[in-house]
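Let's take a friendly walk through the cross-links and charged pairs of this protein. Have the sequence and the model open as you read.

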Amino acid sequence: MRISLLSWLFFIPICSIFLNFRIFVVSRSQTCLSDQRDLLIGLKKSLKFNSSLSTKLVHWNETSFPDYCLWKGVNCSKEGRVVGLDLFNESITGGLHHNSSLFSLQYLEYLNLAYNKLSSTIPSQFGNLTSLRNLNLSNAGFAGQVPNAISRLTRLVTLDLSTLSFLSDNTLKLEDPNLAKLVQKLSEIKELYLDGVNISASGEEWCQALSSSLSNLSVLSMSNCYLSGPLNSSLQKLRSLSIIRLDNNNFSAAPVPELFAEFRNLTTLRLSSCELNGTFPEKIFQVLTLQTLDLSNNELLKGSLPEFLPNGSLRSLLLSGTKFSGALPGSIGNLKMLSTIVLSGCNFSGSIPNSMANLTQLVYLDMSFNNFTRSIPSFSMAKNLTEINLSHNDLTGKIHSLIWKDLLKLVSLDLGYNSLEGNIPDSLFSLPSLQILQLSNNQFSGRLEFNVSSHLLNTLDLSSNNLEGPVPTSVFELQGLKFLSLSSNNFNGSLQLNKIQQLRNLSNLNLSYNSLSVEYIETNSSSSSFPQIATLRLASCNLKTFPHFLTNQSKLTFLDLSNNEIPEEIPNWIQNLTNLLYLNLSYNHLEGPLLNLPSTLSLSILDLSFNKLQGQLPTLPPSATYLDLSWNNFSSVIPAGIGSSLSVAYFLSLSNNQLSGSIPVSICNAPYLQVLDLHNNFLNGTIPQCFYRMTETLGVLDLRRNKLGSNLSDSFPVNCGLLTLNLNGNLLEGAVP
């Protein structure tokens, strides 16, 4: 087809118009790009941040990446305007200057500065960013008064100023403006996070402030805000509320209003540690949309669990540390979505319903410290269970292998302090994920027999049962063990302590109070081949020597070798255990002199009673609070400066020795001494009159069977506060006051 010259002449002006328009648009776009890029580069230059930790700012480079809309943390509109800025956790320090180019990014709709260390007040220039819809300054390091300028951000849908106290010593506060003034014009807000902000408002004040201005509010998070109660009925105006978090406020022993049951979209209600009182309304449990209910740590809050409807959405039920009581309803099995149940430290009673076997989504179960009775139901269908804690109840019966064998994700099982009986199923030791097994203080009996199929188990506590027979060698094949307690059973036979060399991670070992004969065999292997143990309890184990491997135990803090048959002198290497806090060598056959214990020792408890130690009393460790050297053969005088070694001591017994001389007056300088027992020695002289000054703290003074002389009425006032005073068998004059 041919086009005439006239037609071409007609099209030329039109093409020219379109071409000029395109040039105009491109030119304007380039101007916008340049303006916004310069503002971002200026922002980067003005901020102090750690380039080795930064994942966004460090890559803002106009040379390498000319298109700033592709920079990490930057979001642009189609026109090239910066509408989103995410500088979360960019290790920014030093604050924001009031003339920062940040405040010239006038098109910003989203800004996230959370988890930085800005260490300043919130600049009032944030009020210039009037296009903002989402502002997140949580844990950004800001402190002081929240500026009134925030109230100018009338398009805000989400505002987050929350601060976690353990991340920062600085806190934000709302005084002037207060909460009411801050939110008065923020009517578009749907999500408000002010956790950790000091609001310090009464129940009526903060409830009215929210309900009168934020009718669209769906998320209210104001935990740890120094709010007080009671909760005001005006909250019921906030019909759109879905998530309510008010933990760690003091609602002044107020009851929980039933109005929460009227929120038909409610999914989360958290009121833990709020000093709540009264009886919790059962209707709230039956809100069909409710997924999380946390009422924990309200010691005065009473209540019981209602019958649950079949179509409930509850996933987390947290009632620990309350006075909830009664039986668990069988209908708890209707809550098919339940994944977390924490009922510890309540007053629940009765049997655990068999219907809980239907809770197939269960992940975490803690019903410890209650009064549950009868047997444990099967949880084998809850294949995602990671923790079960039913300790400190009155549960009875046996625990059968079938209950546990399918719990392949179980990490922790605590059934301690019940009345469970029978054998311990070997299937427990085959659970591939199990790390903690606590079965102490029950009535389990029979032999302990199992094969090791997993090395993840790090805690095994079978103490205070009726287990018998030899300790199986398979125990020492649990190579991940850190804590092993088999104490207070009926285990018998011999056990070579050298076997613990196989347990390279072991830090806590307790074999006390069995019928075992624990032996330590000296070998050519170095003591460094033994694990570094912090706590070693071998009381009543028929030990006949000090285990030599202890010479290399630099981390040892607790050593109990009492009630054994060790006839040796106390070895010098004891002085090298500088981290030792507890040392009990009582009821042995220890002999010879006792070396002075160096002041570098951190000993708090020292018990050397019922041995054959002799010679002079040693210098006592000044850090000790409990000192018992009674029933030995010490024959010296009590050191004149003993008082300086008793600066923190509350118990001192030197009874049943052969001590002579007078009682040093320096004992009166012990400020916390509650028990002083010096009876059955050869002490003479007078009872120090300064003892009467100690009667405010001293509760027991036993000086009987010595050769002390004094006039009682001169030594102790009529209003003496001593609970026990025994001076019999001395050379005393006068009447007991």
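## Salt bridges and disulfides

At 24% relative accessibility, Asp86 counts as partly exposed. Keep in mind as you look at it that this is a predicted model. Asp86 forms a salt bridge with Lys56, and their closest N and O atoms are 3.5 Å apart. Asp86 sits in strand β3 (residues 82-86), while Lys56 belongs to the loop between β1 (48-49) and β2 (74-76), so this pair ties together parts that are 30 residues apart in sequence. Lys56 itself is buried, with a relative accessible area of 14%.

How many salt bridges does a search of the whole structure find? The search finds 10 salt bridges, including the three in this table.

| Pair | Closest N to O distance |
|---|---|
| Asp86 and Lys56 | 3.5 Å |
| Lys405 and Asp406 | 3.3 Å |
| Arg704 and Asp702 | 2.9 Å |

In the pair formed by Lys405 and Asp406, Lys405 is partly exposed at 42% relative accessibility, and Asp406 is partly exposed at 26%. For the salt bridge between the side chains of Arg704 and Asp702, turn to the aspartate: Asp702 is buried, at 9% relative accessibility.

Now to the start of the chain. UniProt, in an unreviewed entry, lists residues 34-77 as "domain: Leucine-rich repeat-containing N-terminal plant-type". In the model, residues 34-77 are 30% helix and 11% strand, and the C-alpha atoms at the two ends of this stretch are 15 Å apart.

Next come the cysteines. A disulfide is a covalent bond between the sulfur atoms of two cysteines. The count here comes to 2 disulfides, and they follow the pattern 1-2, 3-4 when the bonded cysteines are counted along the chain.

One disulfide joins Cys69 to Cys76, with an S to S distance of 2.2 Å. Is this disulfide left-handed or right-handed? The torsion about the S-S bond of Cys69 and Cys76 is about -95 degrees, so the disulfide is left-handed. Cys69 is partly exposed at 22% relative accessibility, whereas Cys76 is buried at 17%. The cut-off for buried is under 20% relative accessible area, which puts the two partners on opposite sides of that line.

Cys668 and Cys690 form a disulfide too, and their sulfur atoms are 1.8 Å apart. Cys668 lies in the loop between β43 (660-661) and β44 (675-677), and Cys690 in the loop between β45 (682-685) and β46 (700-702), so the bond ties together parts that are 22 residues apart in sequence. The torsion about the S-S bond of Cys668 and Cys690 is about 65 degrees, so this disulfide is right-handed. Both Cys668 and Cys690 are buried.

Some cysteines need a look as well for the bonds they do not make. Why is Cys207 not bonded to Cys274? The closest cysteine sulfur to that of Cys207 is in Cys274, 12 Å away, which is too far for a bond. Cys274 is in no disulfide either: the nearest cysteine sulfur to its own, that of Cys225, is 11 Å away. Cys207 is buried, with a relative accessible area of 0%, and Cys274 is likewise buried at 0%.

Definitions and conventions:
Residues numbered from 1 in each chain as written. Predicted model: local features only at pLDDT ≥ 70, side-chain atom pairs only at ≥ 80, totals over all residues. Heavy atoms only, no water. Salt bridge = Lys/Arg side-chain N within 4 Å of Asp/Glu carboxyl O. Helix = DSSP H or I, 4+ residues; strand = E, 2+ residues; numbered from the N terminus. Buried < 20%, exposed > 50% of the residue type's maximum accessible area, 1.4 Å probe, protein only. UniProt positions renumbered as here; feature names shortened; annotations may be inferred. Disulfide = S-S within 2.5 Å.
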